[in-house]
Amino acid sequence: MTSTRSSQHVQVACCHTPLGYLWLAARNRTLLAAGLADHDVEARQQAEQAAGDQTSPADSALQTLATTMAHWLSDPSAPPPEARGWSLPSQGTTLQRAVWQQLQQIPVGHTLSYAELAERVGRPTATRAVASACAANPLAILVPCHRVIRRDGGLGGYRWGLARKQRLLHHEAQATHAAALAA
């Protein structure tokens with residue numbers, strides 16, 4: 001009975017990173033949401049709000065993913081985090097899911113414009129809708145909406161703040177540079 005009950009709870013992992021506090025929420029090996037906050041208390045509140053359910057501390061697998069993500073954000077030479085073994089959320093409109101899938105195809109250190117992303121999802125005139133889909137992305141960093149910028153090179157928006165977006169892009173540029181030097 002206890003294992004069934006705990007599997008219904010949403011697990012929450014939080015850790016400090018150079019970008020603030022990273023939080024992850026998951027249930028039954030499905031990542032529900034991930035975000036960034038300024039403080040640990042704010043991170044837990046955001047995670048609980050995203051979970052919309054009773055929460056429990058992370059198991060070792062979720063904590064390991066959070067720690068891997070935090071390590072990558074601290075060290076550009078570390079490999080980028082992947083959510084292998086974890087399912088991603090299936091909610092969202094058809095366009096949102098198409099955008100989120102396409103975001104995962106953008107390599108570390110590269111960017112696309114919102115217009116280019118709209119082309120890639122087969123909706124070339126839907127630039128604003130694509131931008132809205134990026135903003136609705138429930139998984140910060142793992143579904144890298146920060147890699148989408150305006151056509152003029154401006155950052156556009158970012159749900160977790162433009163300063164974080166700029167730092168993420170700079171971090172990824174460093175990671176790409178470090179990888180090129182190592183090759």
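The legends below describe close-up views of helix packing in a predicted model. Local features need pLDDT of at least 70 and side-chain atom pairs count only at pLDDT 80 or more, while totals for chains, interfaces and linings use all residues. Residues are numbered from 1 along each chain as its sequence is written, and side-chain values use heavy atoms, with hydrogens and water left out.

**View 1. Packing of helix α3 against helix α7.** Helix α3 (residues 60-74) and helix α7 (residues 162-182) pack at an angle of about 75°, their axes lying 9 Å apart; helices here are DSSP runs (H or I, at least four residues) and strands likewise (E, at least two), numbered from the N terminus. Axes are lines fitted to C-alpha atoms, for helices over the stretch in contact, and angles run from 0 to 180 degrees between N-to-C directions. The two helices α3 and α7 are therefore roughly perpendicular to each other, a term that covers angles of 65 to 115 degrees. Trp 72, Leu 73 and Ser 74 of α3 meet Leu 168, His 171 and Glu 172 of α7, where contact means heavy atoms within 4.5 Å. These residues divide into 3 nonpolar, 2 polar and 1 charged (Ala, Val, Leu, Ile, Met, Phe, Trp, Tyr, Cys and Pro count as nonpolar, Asp, Glu, Lys and Arg as charged, and the others, Gly among them, as polar).

**View 2. The buried side of helix α3.** In α3 the buried residues (under 20% relative accessible area, with exposed meaning over 50% and partly exposed in between, for a 1.4 Å probe and protein chains only) are Leu 62, Leu 65, Ala 66, Met 69, Ala 70, Trp 72 and Leu 73. They cover an arc of only 160° around the axis, which puts them on the same side of α3; the arc is that of the directions from the helix axis to the C-beta atoms. Their cover includes β1 (10-17), β2 (20-27), β3 (30-37) and α7.

**View 3. Helix α7, with its buried and exposed sides.** Arg 164, Lys 165, Leu 168, Leu 169, His 171, Glu 172 and Ala 175 are the buried residues of α7. Because they cover an arc of only 160° around the axis, they sit on the same side of α7. On the other side of this helix, Ala 163, Gln 166, His 177, Ala 180 and Leu 181 are exposed. The buried residues of α7 pack against β2, β3, α3, α5 (114-120) and β6 (148-149).

**View 4. The surroundings of Glu 172 in helix α7.** Glu 172 is buried, with a relative accessible area of 0%. When residues up to four places away in sequence are not counted, Glu 172 touches Trp 72, Val 108, Gly 109, His 146 and Arg 147.

**View 5. Helix α4 and its packing with helix α6.** Helix α4 (residues 94-103) has Leu 95, Gln 96, Val 99, Trp 100, Gln 102 and Leu 103 as its buried residues. They cover an arc of only 160° around the axis, which places them on the same side of α4, whereas Thr 94 and Gln 101 are exposed on the other side. The buried residues of α4 pack against α5, α6 (127-135) and β6. The axes of α4 and α6 are 9 Å apart, at an angle of about 75°, and the two helices are therefore roughly perpendicular to each other. Leu 95, Gln 96, Val 99, Trp 100 and Leu 103 of α4 make the contact with Ala 129, Val 130, Ala 133 and Cys 134 of α6, a set that divides into 8 nonpolar, 1 polar and no charged residues.

Methods. Angles under 35 degrees count as roughly parallel, over 145 as roughly antiparallel, 65 to 115 as roughly perpendicular and the rest as oblique.
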